[in-house]
Amino acid sequence: MIWEIIKKQGIVFMRNKQQLFLLLMLPIILISILSASLSGFISGDTVEIEAKVALIENRHEAEQIEKFVQELESRELPEEIKIPLIHTARNLPFVELLKEDAFKEVSNMIEVVEVAPEEKTTILANDTYTAVIEIPDNFTYDTLMSVLLNEGEPHSINIYENEAKEIGARAVKSVVEAFQEQLTMSQYAATNQIDPVVLEADAEQAIGTIESIGQSEPINSQEYYTIGMAVMNVLYLATAIGSFAFLEKQSQVFNRVILSNVSRWTYFTGIFASGSLFACIQLLIIFGFSWMIYGVAWPVSPFIIVTIFLSMAVGGLSTLLTAISYRMNSESVINFFSTILIAFLALLGGSFFPIGEISNVIQWVGDFTPNGASMSAYLALLRGDEFIQIIPHLSFLLIFTAILLLVAVFSFPKRGQI
């Protein structure tokens, strides 16, 4: 008889095209819209950058290096000190390093165009440039004097940012900041009488041996909103099941079922089973769409387990809404849950944006909602966390389901009260 109740609910769903659209197509549409419009908002998203940078060098660097070498040779310094300093100076073409090495790593995103100093005003007025980098006069000479001879202060590199292209300008600024760190390394090498070429080689070798242990995979917008919309919209299935059940009460279908000598507990179990089964089907369809379109892939076994536990929670919620609406002889509680409470749970559980990053307390409270707990479990799986780390979320879903069923048992009216 339980299977007959499930089959009956399935037929009702199939005949209600509007409800099917809301439960299946709406979350898919929302995933597509939100993941596209909020791309870059989630930390794991990669943002495509196309930047054009003008580089203005007020004086040729080679002249400045030769000027510094001549300054060294004119000083009365021992040869064992002078020769290494000259060697170091010739191996520290700062501007050349900036042009050839620093921006070489991002050449597919940032185009560097060398511009004559007299064109500076024209370039600054040209909106096609993301940023303008100006190397001050005597920058290399003054830097070498400061780094190698500890005399004077090095000049700062001037960056003029295009405010209309903020992301690209920030990327250019990051490259220059990395270059400044390289200057700091050079100063350290010079201070400790270390050949900067050797120091750079040692650093590269050391970096090559670093391994990331237990590092989580980043989450992009497609993955995040697939989970967020799935765990939110599956709650609407519980309200649909409750509404169909209440309609059966109003149309005397439930009374005819009871008169046919079917136990109300059988009907009660059928509601739970149909809610759980159809929730599982809905989740699999939504996640299947994201897998085919966006490539959102899961470790199969843990994914199935989380989906089953969430589906059971939806089944328990369907049963509770049905029981309360039968007890009150009103659909108001179902409407309240559908119009207000689901939206609040979705916000608290992080379906719209990662609200838990604002506060640990909000994150903790959100994990005590069925959608929030399941969302945290799904996200943990995508990040590559161990299964043991999602057990607390699964435990909550199981306890939540048991509590809902227990409350529904006491709320469900007895035969004489129906």
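**Exercise 1. Decide whether Ser 276 is buried, partly exposed or exposed in this predicted model, and find what surrounds it.**

Step 1: Start with the address. Ser 276 sits in helix 12.

Step 2: Look at the accessibility. The cut-off for buried is under 20% relative accessible area. Ser 276 comes in at 11%, so it counts as buried.

Step 3: See who is around. Leaving out residues up to four places away in sequence, Ser 276 touches Ser 311, Met 312 and Gly 315.

**Exercise 2. Sort Ala 36, Asp 137 and Asn 233 into buried, partly exposed and exposed.**

Step 1: Get the cut-offs straight. Under 20% is buried, over 50% is exposed, and anything in between is partly exposed.

Step 2: Take Ala 36, which is in helix 2. Its relative accessibility is 57%, so Ala 36 goes in the exposed pile. While you're there, check a partner from elsewhere in the sequence: Ser 221 is 185 residues away along the chain, yet the two C-alpha atoms are 7.8 Å apart.

Step 3: Move to Asp 137, in the loop between strand 3 (131-135) and helix 7 (139-149). With a relative accessible area of 36%, Asp 137 is partly exposed. Its C-alpha lies 9.5 Å from that of Gln 64, a residue 73 positions away along the chain.

Step 4: Finish with Asn 233 in helix 10. At 2% relative accessibility, Asn 233 counts as buried. Setting aside neighbours within four places in sequence, Asn 233 contacts Leu 22, Leu 23, Leu 26, Pro 27, Leu 30 and Gln 282.

**Exercise 3. Work out which helices build the largest nonpolar core, and which residues in that core touch the most other members.**

Step 1: Begin with the membership. The core has 65 residues, and those touching the most other members are Phe 13, Ile 227, Leu 237, Phe 287, Trp 298 and Tyr 378.

Step 2: List the contributors. Two or more residues each come from helix 1 (2-15), helix 2 (17-37), helix 10 (221-250), helix 12 (264-294), helix 13, helix 14, helix 16 and helix 17 (391-411). Helix 10 gives the largest share, with 16 residues.

Step 3: Zoom in on Leu 237. Not counting residues up to four places away in sequence, Leu 237 touches Phe 13, Leu 23, Gly 275, Phe 278, Ala 279, Gln 282 and Val 314.

Step 4: Don't stop there. A second, separate core has 33 residues, including Leu 55, Val 95, Leu 144 and Val 172.

Step 5: Put this next to a general trend. In soluble globular proteins, nonpolar side chains tend to be buried together.

**Exercise 4. Describe helix 16 and how it crosses helix 14.**

Step 1: Check the length. Helix 16 has 14 residues and spans 20 Å from its first C-alpha to its last, close to the 20 Å expected.

Step 2: Check the cover. Of the 14 residues in helix 16, 13 are buried, which leaves the helix mostly covered.

Step 3: Find the crossing. The axes of helix 14 (residues 332-349) and helix 16 (residues 370-383) come within 8 Å and cross at roughly 35 degrees. The crossing is right-handed.

Step 4: Name the contact residues. Leu 345, Ala 346 and Gly 349 of helix 14 meet Asn 371, Gly 372 and Met 375 of helix 16. Sorted by class, this contact has three nonpolar, three polar and no charged residues.

Step 5: Look at what follows the helix. Just after helix 16, Gly 384 takes a positive phi of about 90 degrees. Further on, Ile 390 is in the loop between helix 16 and helix 17. Ile 390 is buried because its relative accessible area is 0%. Among the residues Ile 390 touches are Val 306, Ala 380 and Leu 381. Another is Ala 377, whose C-alpha is 5.3 Å from that of Ile 390, with their positions 13 residues apart in sequence.

**Exercise 5. Compare the span of helix 13 with the expected value, then zoom out to the whole chain.**

Step 1: Helix 13 (residues 300-328) has 29 residues and reaches 42 Å from end to end, C-alpha to C-alpha, close to the 42 Å expected. Just after it, Asn 329 has a positive phi of about 55 degrees.

Step 2: Zoom out. The chain has 17 helices and four strands, and 45% of its 418 residues count as buried.

Step 3: Look at the contacts with a separation of 6 or more: 81% of them link residues 24 or more positions apart.

Note on methods. Residues are numbered from 1 along each chain as its sequence is written. This is a predicted model: local features need pLDDT of at least 70, side-chain atom pairs count only at pLDDT 80 or more; totals for chains, interfaces and linings use all residues. Side-chain values use heavy atoms; hydrogens and water are left out. The expected span of a helix is 1.5 Å times one less than its number of residues. Axes are lines fitted to C-alpha atoms, for helices over the stretch in contact, and angles run from 0 to 180 degrees between N-to-C directions. A crossing is left-handed if the near helix is turned anticlockwise from the far one by less than a right angle, and right-handed if clockwise. Contact means heavy atoms within 4.5 Å. Ala, Val, Leu, Ile, Met, Phe, Trp, Tyr, Cys and Pro count as nonpolar, Asp, Glu, Lys and Arg as charged, and the others, Gly among them, as polar. A nonpolar core is a set of buried Ala, Val, Leu, Ile, Met, Phe, Trp, Tyr and Cys residues joined through side-chain atoms within 4.5 Å. Buried means under 20% relative accessible area, exposed over 50%, partly exposed in between (1.4 Å probe, protein chains only).
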